[in-house]
Amino acid sequence: MAKCKFDDFVERYEPGGREGINSEHAPAYRRQSPYFAAADKYVPLGQVTARVWFIKFEANYYANLSLSENIQNRESKDGTHCIEDGKFLHFSKALLNVLCLRKSHRRTIPKEIVTALSFLEKALRIQQLNNDPALFNHLTFAIATSLLQQSRYTLQKQYDIGKELELIAGMLQGGYSSKSFRFPYDGFNLLSARFEYKSPIVSPPRLNDLRIAQNQRMDIPPVGTVSDEVVACVGLAYQLAFADEQAGDLVRFIAASIALGFTAASMRSIELALLRRDCVYRNDTGESRLRLSRPKIDEDQDLKIPDILVELAEQCHLRVFKLTKEAHEAFSFYCSHFHDFKDIDRLFIPAHLRKTFAHPFITFECARAALNLHDAAYLDQIPGVLRGISIHKFVDEPGDLSEYSTDYVGQPTLQIGTAVEFCKSAGLVVALPFGIDMRKRITPGALERMMGTKSKTKKALLKKIYQFGTSVRAWLKTEDVLECLLNDFKLSNFPHWPYASKERDLKLCDALMVFYESANSKNVDPKRKQLLWWKPMLFTPDMMARWLRPTGQGPAMLFKALDVSLLDGAYPTFSVEDARKWHQTEGLLAGVPLIFLDQISGRSSGRQSDYYDDRSRQQKLRGLIDALRGVKTLHVAGPAMAIAERRIPIIDRRDFLFRTASPKHMTELGGCKSDWSINPCEQLGDCLRCGGQVWIKGDAIKLTRIASIKAMSEEIISAGKMKLIKNPRRITIANQITHAQEALDRANEIFAFEEDPTAPKGALITFKKASTSMSVSDRSAYIRAQG
């Protein structure tokens with residue numbers, strides 16, 4: 001009997017098949033399993049396996065409209081709600097395996113193909129009443145497309161799945177090719193009757209266009225924009241974490257890690273997780289720089305940290321470095337001694353605990369203190385990690401209790417010889433058994449039984465005799481404790497050991513973002529979470545999300561723990577990707593070229609920039625206006641023109657003025673010659689006392705603001721002089737008057753320029769820096785000099 005084409009296809013193209021395609025998946029591959037188990041290199045950071053489940057259409061919430069939001073069976077460890085073992089499942093897994101060949105550059109298995117196959121399986125059951133893939137025809141794909149169009153998937157997701165349907169239809173026949181798909185062979189020619197299929201689902205508009213279409217008002221930013229208030233909350237959380245003595249190392253580690261990812265550079269959560277311990281460093285010229293790996297574009301970058309953020313970035317890095325020191329030492333020990341995680345047979349003990357575990361036995365109380373656990377309801381209850389451990393009861397050393405004594409913990413004891421002497425002194429007669437070891441210890445109850453008749457008087461005397469006796473204690477064998485902790489550590493997930501990720505270019509011992517797992521339930525205050533020193537771990541993107549975003553149990557843990565809330569009382573929501581949006585938006589508003597932003601943000605395609613652009617339509621339009629474009633004659637007044645007339649040759653003067661006098665971007669009070677894309681404003685927004693301000697004649701809206709500041713400055717000067725008369729020694733008042741006078745002088749200079757008939761509309765004027773004006777760097781240098 002001739003073999004079915006589909007059976008032959010499975011034997012050829014499944015992992016480990018005759019064609020030998022993607023045999024890296026073969027060790028974990030099982031034909032009958034309802035999932036495709038990929039090789040370890042596809043395992044996402046923080047997960048155990050890379051399993052792609054073949055969920056039935058009926059169990060997929062996004063596909064099956066009859067399901068409620070509470071029933072979302074997308075994965076099943078026991079195989080329920082999955083496509084049954086059979087010809088369709090075997091074909092689907094072999095197809096997924098061979099199509100992964102063209103996806104070899106991807107970091108995860110393409111799941112859109114699996115979803116497309118799920119729709120096809122449902123379509124076959126509707127059309128043919130069974131899911132035999134040999135029955136594929138044009139109607140099958142038409143039914144699958146109809147089901148897809150009626151699903152809850154987004155337009156973009158529908159378009160992607162529709163393209164996968166096109167790919168499957170083509171590869172089942174003579175072949176398929178597109179701009180993004182290049183297969184080295186022809187199609188599989190599995191169908192007897194050929195047909196042509198093209199997905200009718202059109203590509204949705206780009207995200208940027210969609211956002212603009214959704215906003216009717218020009219000044220409204222896109223939904224989900226990260227506000228400056230949320231950014232301030234992130235900074236406040238970082239400051240409070242180290243100011244609050246009760247915050248705990250775990251909260252401090254989270255706050256410092258997020259602050260480092262925000263200040264040093266625009267980075268993805270996976271890039272933050274894969275930072276090296278020496279990621280922040282100073283080069284030969286003293287410039288502070290950041291090393292980071294960009295796995296998504298397969299590049300390593302070395303970026304300059306903006307001058308104004310150097311101190312903060314280095315502080316964040318140093319704090320994370322110190323907090324992770326012990327976890328780093330643990331990984332260094334394991335990685336240097338054990339190439340395979342399964343081979344680990346010794347537990348790393350931190351330096352401050354080595355003395356505790358240096359003895360063969362450890363008391364139960366010392367063990368609980370060393371483990372730093374409080375998960376038991378009672379102090380004498382064994383912690384969960386030590387369940388099943390043998391408990392030994394003695395006083396100071398094993399076997400020091402007499403065989404006639406009970407071993408109840410807490411009972412006082414004395415050496416038998418000492419106890420007998422005390423009894424003789426008290427007039428009590430003790431009948432000692434023959435051959436009893438007088439060096440061993442005995443409890444009051446055992447000694448009372450040796451006295452014969454019991455009485456209250458004897459008990460009272462024994463109580464006095466034993467009031468200074470050493471009690472029986474519960475002991476644990478040190479090697480048993482360490483074995484329990486080692487077994488608990490070996491339950492951890494390190495699929496790429498000794499590396500941190502599937503790229504295998506960063507060892508765990510070289511990673512910065514390593515810490516300890518925490519004990520206790522999710523309901524425990526994050527400040528009180530106990531750290532498990534025997535379970536070092538890598539801080540993964542999933543963990544970051546749990547700390548920064550609301551969970552089913554309540555608001556984001558970091559902000560709740562530190563009681564950082566917005567003005568309306570709600571706790572903020574944040575993510576590392578939100579920080580990337582904020583960096584992108586602020587950079588674009590400052591006039592940074594988009595290509596440069598993409599480069600320093602680790603994006604290889606400009607199309608991705610739309611997602612991170614949170615500017616309003618009005619801000620985008622302003623960014624498109626170049627106030628100086630097309631200007632052939634440049635009229636400039638002020639210090640820049642004075643320098644040009646004295647020092648610059650006439651033939652070079654126009655270029656000099658364009659470079660030095662033209663604003664890099666516009667502000668509330670004119671223009672600014674500084675480039676905020678590299679360093680934020682050094683004057684903290686004090687434009688009227690800054691030497692970088694540029695005024696463009698004829699700007700009526702900004703002139704109104706100048707008039708308002710002029711009037712306010714006059715009021716401050718008037719009120720300050722009155723107070724200074726009453727108290728001439730108030731230096732702070734004199735300083736405020738000086739600052740207000742400098743702002744008033746600048747405002748008068750602007751109004752005089754506006755009234756100058758020789759200066760045409762659009763002319764520029766530059767200014768000298770006020771005599772008392774100090775930038776952030778100047779002020780820092782002054783404070784250091786004074787200190």
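## The Glu-58 to Arg-125 salt bridge

In this predicted model, Glu-58 and Arg-125 make a salt bridge, and their closest N and O atoms sit 2.9 Å apart. The two residues come from distant parts of the chain, 67 residues apart. Glu-58 belongs to the loop between strand E2 (51–53) and helix H2 (87–99), while Arg-125 is in helix H3 (residues 111–128).

How exposed are the two partners? Glu-58 has a relative accessible area of 29%, so Glu-58 goes down as partly exposed. Arg-125 gets the label partly exposed too, because its relative accessibility is 23% and buried would require a value under 20%.

## A network around helix H3

Arg-125 has another salt bridge to look at: its side chain also meets that of Glu-121, again with 2.9 Å from N to O. Both residues lie in helix H3, four residues apart, or about one turn of the helix. Glu-121 counts as buried, because its relative accessibility is just 1% and the cut-off for buried is under 20%.

Put these pieces together and you get a network: salt bridges link Glu-58, Glu-121, Lys-122 and Arg-125.

## Another pair, in helix H5

Helix H5 (residues 155–172) holds Glu-166 and Lys-163, three residues apart. Their side chains meet in a salt bridge, at 3.5 Å from N to O. The sequence spacing puts about one helical turn between them.

Is Glu-166 buried or exposed? Its relative accessibility is 6%, so Glu-166 counts as buried. Lys-163, at 29%, counts as partly exposed. For the protein, the salt bridge count comes to 30.

## The nonpolar cores

Which residues touch the most other members of the largest nonpolar core? They are Tyr-334, Phe-357 and Phe-574, in a core of 102 residues. Helix H8 (residues 248–263) supplies the largest share of this core, with ten residues.

Tyr-334 is worth clicking on. Leaving aside residues up to four places away in sequence, Tyr-334 touches Ile-344, Arg-346, Leu-347, Phe-348, Phe-489, Trp-497 and Pro-536. There is also a second, separate core of 50 residues, and Leu-89, Ile-113, Ala-169 and Phe-188 are among its members.

## A three-stranded sheet and its helix

One open sheet has three strands in the order E9-E8-E10, with antiparallel pairing. Strands E9 (441–442) and E10 (470–471) are at the edges; each has a single partner strand, so one side of each is left without a neighbour in the sheet. As for what holds strands together, strands of a sheet pair through backbone hydrogen bonds, either parallel or antiparallel.

Strand E8 (residues 412–415) runs antiparallel to E10, and two bridges join them. Look for Thr-413, which stands opposite Thr-470 in E10. Helix H13 (residues 416–425) packs on the sheet and touches E8 and E9. The direction of H13 makes about 90 degrees with that of E8.

## The overall numbers

Zooming out, the protein has 27 helices and 18 strands. Of its 787 residues, 46% count as buried. If you take the contacts with a separation of 6 or more, 65% of them are between residues 24 or more positions apart. The exposed area is about 41300 Å², and carbon and sulfur atoms supply 52% of it.

Technical notes:
Residues are numbered from 1 along each chain as its sequence is written. This is a predicted model: local features need pLDDT of at least 70, side-chain atom pairs count only at pLDDT 80 or more; totals for chains, interfaces and linings use all residues. Side-chain values use heavy atoms; hydrogens and water are left out. Two strands pair if DSSP finds at least two bridges between them. Contact means heavy atoms within 4.5 Å. Axes are lines fitted to C-alpha atoms, for helices over the stretch in contact, and angles run from 0 to 180 degrees between N-to-C directions. A nonpolar core is a set of buried Ala, Val, Leu, Ile, Met, Phe, Trp, Tyr and Cys residues joined through side-chain atoms within 4.5 Å. Buried means under 20% relative accessible area, exposed over 50%, partly exposed in between (1.4 Å probe, protein chains only). A salt bridge is a side-chain nitrogen of Lys or Arg within 4 Å of a carboxyl oxygen of Asp or Glu. Accessible areas come from the Shrake-Rupley method with a 1.4 Å probe; for residues, only the protein chains shown count as cover.
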